[in-house]
Structure formats: structure tokens, C-alpha cells
Amino acid sequence: NGCSEEGCIVDSDDAHLTNVIRKHYLEHFGHRDLEGIVTGYSSDAFMIKVINDKRTKYHGQDEIRLAFREIFTQHPTTNSTFLLKHITVEAKHGMAVWCAKTPTAVFPQSTDTFVFNEE
């Protein structure tokens with residue numbers, strides 16, 4: 001599926017949440033599992049996507065689903081790579097640092113942040 005965590009550095013106070021982040025990328029994103037990735041977001045979640053200084057905010061699972069549908073078209077399963085470089089989890093907050101290359105774009109270093117609820 002083009003996704004790897006080889007050499008990934010982990011700094012975490014919560015092994016379970018670290019594995020949630022891993023699954024988010026390596027399983028759901030790696031296999032372009034749209035429903036699997038969206039179920040990780042609560043109904044009141046939001047996601048902000050920034051590309052070339054353009055910010056787009058998505059509210060709730062329906063809009064987040066649309067965002068990932070677009071992201072998946074930009075990251076085809078063939079001729080794309082994704083490397084999870086660093087995961088930090090502390091006090092119910094997480095950050096993932098990653099890089100990716102697709103047939104049409106290169107992402108030399110990107111970050112995603114997460115705030116986990118009690119569920």
C-alpha cells in the first residue's frame with residue numbers, strides 16, 4: 001500500500017493512542033479505507049487542511065469524509081509512498097510527522113495533530 005513506519009520515532013505517554021495513530025495511517029489511509037478513517041473522528045470533530053497557504057476547514061464526519069475522498073484521489077495506491085516519521089502523544093494530544101510522494105506531488109514534511117476525547 002506504499003505506507004511505512006520504518007525508522008519512526010515514538011515519544012508517547014499512551015501506547016493505546018499511539019497505536020490509534022498508527023492504525024489511522026498505516027491501515028486506514030494505507031488501504032484507502034474511507035469509512036475506517038472517518039470513524040476515528042467524532043461527529044463534532046473538525047479538520048483543517050492547508051495546501052499552498054490555502055486553509056480549508058471541514059466540520060463533522062460528512063465533511064471530513066469528503067476531504068479524505070479528495071485526499072485519496074491525490075494519493076493513489078500505485079506509485080505513491082508514505083512514511084510515518086515521528087509520533088508524539090502526551091496528555092490526550094497527538095502529533096504525527098510524515099512525508100509522502102505521489103505521481104503528482106511531493107510532501108517533504110507534513111504534520112497532523114489530534115486531540116483525543118475520552119472514548
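This report describes the nonpolar core, a surface patch, the surroundings of one cysteine and the salt bridges of a predicted model.

## Nonpolar core

The largest nonpolar core of this predicted model holds 28 residues, and within this set Ile-21, Tyr-25, Met-47, Phe-68, Phe-82 and Leu-84 are the members that touch the most others. Several elements contribute to this core with at least two residues each, namely helix H1 (15-29), helix H2 (34-38), helix H3 (60-74), strand S5 (81-90) and strand S6 (93-101).

For Leu-84, the contacts beyond four places in sequence can be listed individually: Leu-84 touches Ser-4, Glu-5 and Cys-8, then Arg-22 and Tyr-25, and finally Ala-96, Val-97 and Trp-98. Tyr-25, one of these partners of Leu-84, is also named among the core residues that touch the most other members.

## Surroundings of Cys-99

Cys-99 is part of strand S6, and this residue counts as buried because its relative accessibility is 18%, where the cut-off for a buried residue is under 20%. When neighbours within four places in sequence are set aside, Cys-99 is in contact with Thr-81, Phe-82, Leu-83 and Lys-85, and also with Phe-107 and Pro-108.

One of these contacts, that with Lys-85, involves a residue 14 positions away along the chain, and the C-alpha atoms of Cys-99 and Lys-85 are separated by 7.4 Å.

## Nonpolar surface patch

On the surface, Phe-46, Ile-48 and Val-50 form a nonpolar patch whose accessible area amounts to about 270 Å² for the three residues together. Ile-48 belongs to strand S3, which spans residues 46-51, and with a relative accessible area of 38% Ile-48 is classed as partly exposed.

## Salt bridges between distant parts of the chain

Side chains of opposite charge can pair when their charged atoms come close. In this model the count of salt bridges comes to 4. In one of them Arg-22 pairs with Glu-5, with the closest N and O atoms 2.5 Å apart. This pair links distant parts of the chain, since Arg-22 sits in helix H1 and Glu-5 in the loop between strand S1 (3-4) and strand S2 (9-12), 17 residues apart. Both partners are partly exposed: Arg-22 has a relative accessible area of 24%, and Glu-5 has a relative accessibility of 28%.

A salt bridge also joins Glu-70 to Lys-49, the closest N and O atoms being 3.0 Å apart. Because Glu-70 lies in helix H3 and Lys-49 in strand S3, the pair ties together parts that are 21 residues apart in sequence. The two partners fall into separate accessibility classes, for Glu-70 counts as partly exposed at 37% relative accessibility, whereas Lys-49 is buried with a relative accessible area of 11%.

## Salt bridges involving helix H3

Within helix H3, the side chains of Asp-62 and Arg-65 meet in a salt bridge with an N to O distance of 3.0 Å, and because these two residues are 3 residues apart in this helix, about one helical turn separates them. Asp-62 counts as exposed at 58% relative accessibility, whereas Arg-65 is buried, with a relative accessible area of 17%.

The pairing of Asp-62 with Arg-65 belongs to a wider arrangement, as Glu-35, Asp-62 and Arg-65 are linked in a network of salt bridges.

Notes. Residues numbered from 1 in each chain as written. Predicted model: local features only at pLDDT ≥ 70, side-chain atom pairs only at ≥ 80, totals over all residues. Heavy atoms only, no water. Core = buried A, V, L, I, M, F, W, Y, C linked by side-chain atoms within 4.5 Å. Buried < 20%, exposed > 50% of the residue type's maximum accessible area, 1.4 Å probe, protein only. Helix = DSSP H or I, 4+ residues; strand = E, 2+ residues; numbered from the N terminus. Contact = heavy atoms within 4.5 Å. Patch = residues over 30% accessible without salt bridge, like charges linked within 9 Å, V, L, I, M, F, W, Y side chains within 5 Å. Areas by Shrake-Rupley, 256 points an atom, 1.4 Å probe, with all protein chains shown as cover.
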